[in-house]
Amino acid sequence: MQVKESNKKPLKGMSFASESGRRVLLREIEGLKAVEKTLGALFDSVVERILRIKGRLIVSGMGKSGHVARKIAATFASTGTPAYFVHPGEASHGDLGMITEADGLLLLSNSGETAELHDIIAYAKRFSIPLMAMVRRESSMLVTAADVALVLPDIPEASPINAPTTSTTMMLALGDALAVAVLERRGFTPENFHTLHPGGKLGKAFIRVRDLMHPLKDTPIVSSRDVMSKVLLVMTNKSFGCAAVTDKNGLLVGVITDGDLRRHMDPGLLNETAAQVMTSGPVTIDPDSLAAEALAIINSRSITSLFVAEKGKPVGILHVHDCLRAGVM
């Protein structure tokens with residue numbers, strides 16, 4: 001939605017609203033700076049415990065802490081740490097069965113006294129499941145029960161009615177800090193991210209040529225000694241408007257395109273060999289190259305298809321439409 005600016009003076013109270021918003025942001029920035037100063041041995045301990053989990057990281061919390069917990073679980077799951085959110089209320093009615101002894105728990109609570117977490121804590125103690133916490137009150141039930149607890153700084157909420165604002169911002173940022181620290185320790189790469197996130201923009205950026213190319217059996221390939229009557233049949237059957245030309249060792253030595261046919265159009269064309277008509281030294285791409293690189297070559301050379309080769313031999317063909325259908329831009 002586009003909003004056009006008006007020449008009229010701001011309504012009464014508008015400057016107050018901006019000032020109020022600015023005050024909220026400054027208070028939350030204060031909270032983030034305070035969290036950064038707390039990072040140390042306890043943070044390192046939580047990271048190490050998450051890395052040692054053989055199963056999954058279960059993240060839980062109630063209310064606003066629960067909403068933050070869902071996001072933290074999603075961030076971990078998309079960055080190489082199997083994780084999911086368990087609602088503490090549902091856990092008390094059967095969902096505890098989703099938690100195994102191979103898992104680890106990360107519980108979020110502002111007060112540290114959230115009643116709905118009691119059953120999860122008892123379950124963790126019964127089955128010796130590692131229990132980590134993110135909490136605002138150091139003197140609380142959750143801190144006492146946890147194997148290790150990250151206590152948020154006592155920075156006031158940005159809301160004048162004490163609604164969760166600064167506290168949830170600190171929790172969210174601390175969750176991001178944990179996830180990034182863990183993924184860096186795992187050596188998680190953008191390619192790994194693509195595997196778990198193929199539909200996103202970053203995922204599409206890491207699609208490989210081999211993921212999109214047509215296989216060798218569908219690739220138009222002729223021998224340099226083949227006569228053009230045979231070459232034309234291969235080009236027609238494969239429908240790419242071109243053909244790769246190989247020598248007796250199977251190495252790619254040239255390419256014949258529709259343009260080459262027009263340039264050599266004369267009564268004796270069908271009796272000529274592919275070697276006589278082809279354009280030598282065709283550009284190729286490796287199957288492990290990024291599809292975005294292939295598309296750049298296709299666009300820069302004003303061609304529609306690009307042969308894929310390994311060690312000089314063709315292994316497939318990539319058409320511009322293959323890239324566009326996959327969302328590679």
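## Notes on two sheets, a helix patch and the salt bridges

1. Helix α5, which spans residues 118-126, lies across the strands β1, β3 and β4, and its direction makes an angle of about 155° with that of β3. The model in which this arrangement is seen is a predicted one, and the points below should be read with that in mind.

2. The strands under helix α5 belong to an open sheet of five strands, whose order is β2-β1-β3-β4-β5 and whose pairing is parallel. At its edges stand β2 (83-85) and β5 (148-151), and because each of these has a single partner strand, one side of each is left without a neighbour in the sheet. On average, and with direction ignored, neighbouring strands of this sheet are turned by 20° against each other.

3. A further helix, α3 (residues 64-78), also lies across this sheet, where it crosses β1, β2, β3 and β4 (131-135) and runs at about 160° to β2. The strands β1, β3 and β4 are thus listed both for helix α3 and for helix α5.

4. Within the five-stranded sheet, strand β1 (residues 57-61) runs parallel to strand β3 (residues 104-109), and the two are joined by five bridges. For a reader who wishes to trace this pairing residue by residue, isoleucine 58 stands opposite leucine 105 of β3, while serine 60 stands opposite leucine 107 of β3.

5. On its other pairing, β3 meets β4, again in the parallel sense and over five bridges. Leucine 107 has alanine 133 as its bridge partner in β4, and leucine 107 also stands opposite serine 60, so that this residue can serve as a useful point of reference when the sheet is inspected.6. How many of the six residues of β3 are buried? Six of the six are, and the strand is therefore largely enclosed by the rest of the structure. In a regular strand the side chains alternate between the two faces of the sheet. In β3 both faces are covered, with Gly104, Leu106 and Leu108 buried on one side and Leu105, Leu107 and Ser109 buried on the other.

7. A second open sheet has four strands in the order β6-β13-β12-β11, and its pairing is mixed. Its edge strands are β6 (214-215) and β11 (284-285), each of which pairs on one side only. Between β6 and strand β13 (residues 313-319) the pairing is antiparallel and extends over two bridges, and here proline 215 stands opposite glycine 316 of β13.

8. On the surface, Leu25, Leu26 and Ile29 form a nonpolar patch, and together these residues have about 300 Å² of accessible area. One of them, leucine 26, lies in helix α1 (residues 14-38). Leucine 26 counts as exposed because its relative accessibility is 55%, and the cut-off for that class is over 50%.

9. Helix α1 also holds a salt bridge, in which the side chains of glutamate 30 and arginine 27 meet at 3.1 Å, N to O. Being three residues apart in helix α1, these two are separated by about one helical turn. Both are partly exposed, glutamate 30 with a relative accessible area of 38% and arginine 27 with one of 28%.

10. A comparable spacing is found in helix α12 (residues 258-263), where arginine 263 and aspartate 260 lie three residues apart, about one turn of the helix. These two form a salt bridge in which the closest N and O atoms are 2.5 Å apart. Is each partner buried or exposed? Arginine 263 counts as exposed at 59% relative accessibility, whereas aspartate 260 is buried, with a relative accessible area of 2%.

11. The structure holds 12 salt bridges. Among the others is one between the side chains of lysine 217 and aspartate 218, at 3.4 Å from N to O. Lysine 217 is exposed, with a relative accessible area of 64%, while aspartate 218 counts as partly exposed at 28% relative accessibility. Elsewhere, Arg210, Asp288 and Glu310 are linked in a network of salt bridges.

Terms used: Residues are numbered from 1 along each chain as its sequence is written. This is a predicted model: local features need pLDDT of at least 70, side-chain atom pairs count only at pLDDT 80 or more; totals for chains, interfaces and linings use all residues. Side-chain values use heavy atoms; hydrogens and water are left out. Patches are made of residues with over 30% relative accessible area and no salt bridge: like charges are joined within 9 Å, nonpolar side chains (Val, Leu, Ile, Met, Phe, Trp, Tyr) within 5 Å. Accessible areas come from the Shrake-Rupley method with a 1.4 Å probe; for residues, only the protein chains shown count as cover. A salt bridge is a side-chain nitrogen of Lys or Arg within 4 Å of a carboxyl oxygen of Asp or Glu. Buried means under 20% relative accessible area, exposed over 50%, partly exposed in between (1.4 Å probe, protein chains only). Two strands pair if DSSP finds at least two bridges between them. Axes are lines fitted to C-alpha atoms, for helices over the stretch in contact, and angles run from 0 to 180 degrees between N-to-C directions. Contact means heavy atoms within 4.5 Å.
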